[in-house]
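Colleague: I should like a close look at a single part of this model, namely its charged surface patches. Which residues form them, and which elements supply those residues?

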Amino acid sequence: MKTERVRSGSDVLLVAPVRGLLAEVPPLLSQLEAFAPEAVGVGLSADELASLEQYFVRSDAEPVVPLTSNEVGEVRGLARFGEVRVPNPTYVELLRWADGGSLPIEPLDPSDDRTARLFTEHIGYVELVRRTVKERSVGRHPPTPSTPDEFALAWDREVAGGRGSRDFARARDRHLARRAQRLGQGKSRIAVVVDRERFDLVRALLAGEVAEAIAED
């Protein structure tokens with residue numbers, strides 16, 4: 001897990017756990033409790049957040065979650081470091097924790113429709129084919145680094161290392177940074193939680209180190 005405090009209008013605690021790894025949840029919640037944010041923004045769309053709330057936080061029985069072959073490969077590779085859960089336990093447990101203290105949790109990613117449009121705008125047919133082939137390959141043979149942090153970064157490089165994929169990630173993270181800055185207006189402290197591989201770009205955007213941090217899509 002990567003953590004840093006960033007000044008972006010308000011005081012922002014940026015936390016980036018490794019997706020799926022249950023062991024990341026306790027330190028995440030400890031960081032948030034110590035920081036005491038007035039709100040938490042998460043790297044999810046409104047639809048994703050609502051689905052987690054409905055089916056995994058407030059439901060008496062969790063539904064069966066079908067996994068793609070790519071997701072199975074990611075889980076298998078990450079399981080060397082501890083228990084892995086799907087959907088990502090980071091957000092499920094964060095919602096449960098925040099619900100107990102009535103802390104607002106806000107989705108910062110674009111809507112699912114907007115994300116789909118951004119994907120098609122930045123990733124052409126040739127890269128889509130290459131990305132699909134890479135996803136299948138890395139799913140069969142996951143990377144084997146020595147830490148979960150390195151695993152998350154290596155997985156992302158393998159799957160989304162193409163130019164169009166990087167452009168798509170930048171567009172999505174620009175949207176997130178802009179929403180986070182709006183969330184912080186009128187507040188002294190907020191927290192932002194994203195998957196580990198998004199940390200570097202989101203931190204740079206929030207800190208104003210990337211010129212287009214507040215540019216509209």
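Modeller: The answer below treats the negative patch and then the positive patch.

This is a predicted model, in which local features need pLDDT of at least 70 and side-chain atom pairs count only at pLDDT 80 or more, while totals for chains, interfaces and linings use all residues. Residues are numbered from 1 along each chain as its sequence is written, and side-chain values use heavy atoms, with hydrogens and water left out.

Asp47, Glu48, Asp112 and Asp113 form a negative surface patch. A patch consists of residues with over 30% relative accessible area and no salt bridge, like charges being joined within 9 Å and nonpolar side chains (Val, Leu, Ile, Met, Phe, Trp, Tyr) within 5 Å. Accessible areas come from the Shrake-Rupley method with a 1.4 Å probe; a salt bridge is a side-chain nitrogen of Lys or Arg within 4 Å of a carboxyl oxygen of Asp or Glu. Helix H2 (46-57) and helix H5 (112-122) are the elements that give two or more residues to the negative patch; helices here are DSSP runs (H or I) of at least four residues, numbered from the N terminus. Glu48 lies in helix H2 and is partly exposed, because its relative accessible area is 36% (buried means under 20%, exposed over 50%, partly exposed in between).

The positive patch on the surface gathers Arg130, Lys134, Arg163 and Arg166. At least two of its residues come from each of helix H6 (125-140) and helix H8 (163-183). Arg163 belongs to helix H8 and counts as exposed because its relative accessibility is 63%.

Conventions
Lys and Arg count as positive and Asp and Glu as negative; His and the chain ends are not counted. The place of a charge is taken as NZ of Lys, CZ of Arg, CG of Asp or CD of Glu. Buried means under 20% relative accessible area, exposed over 50%, partly exposed in between (1.4 Å probe, protein chains only).
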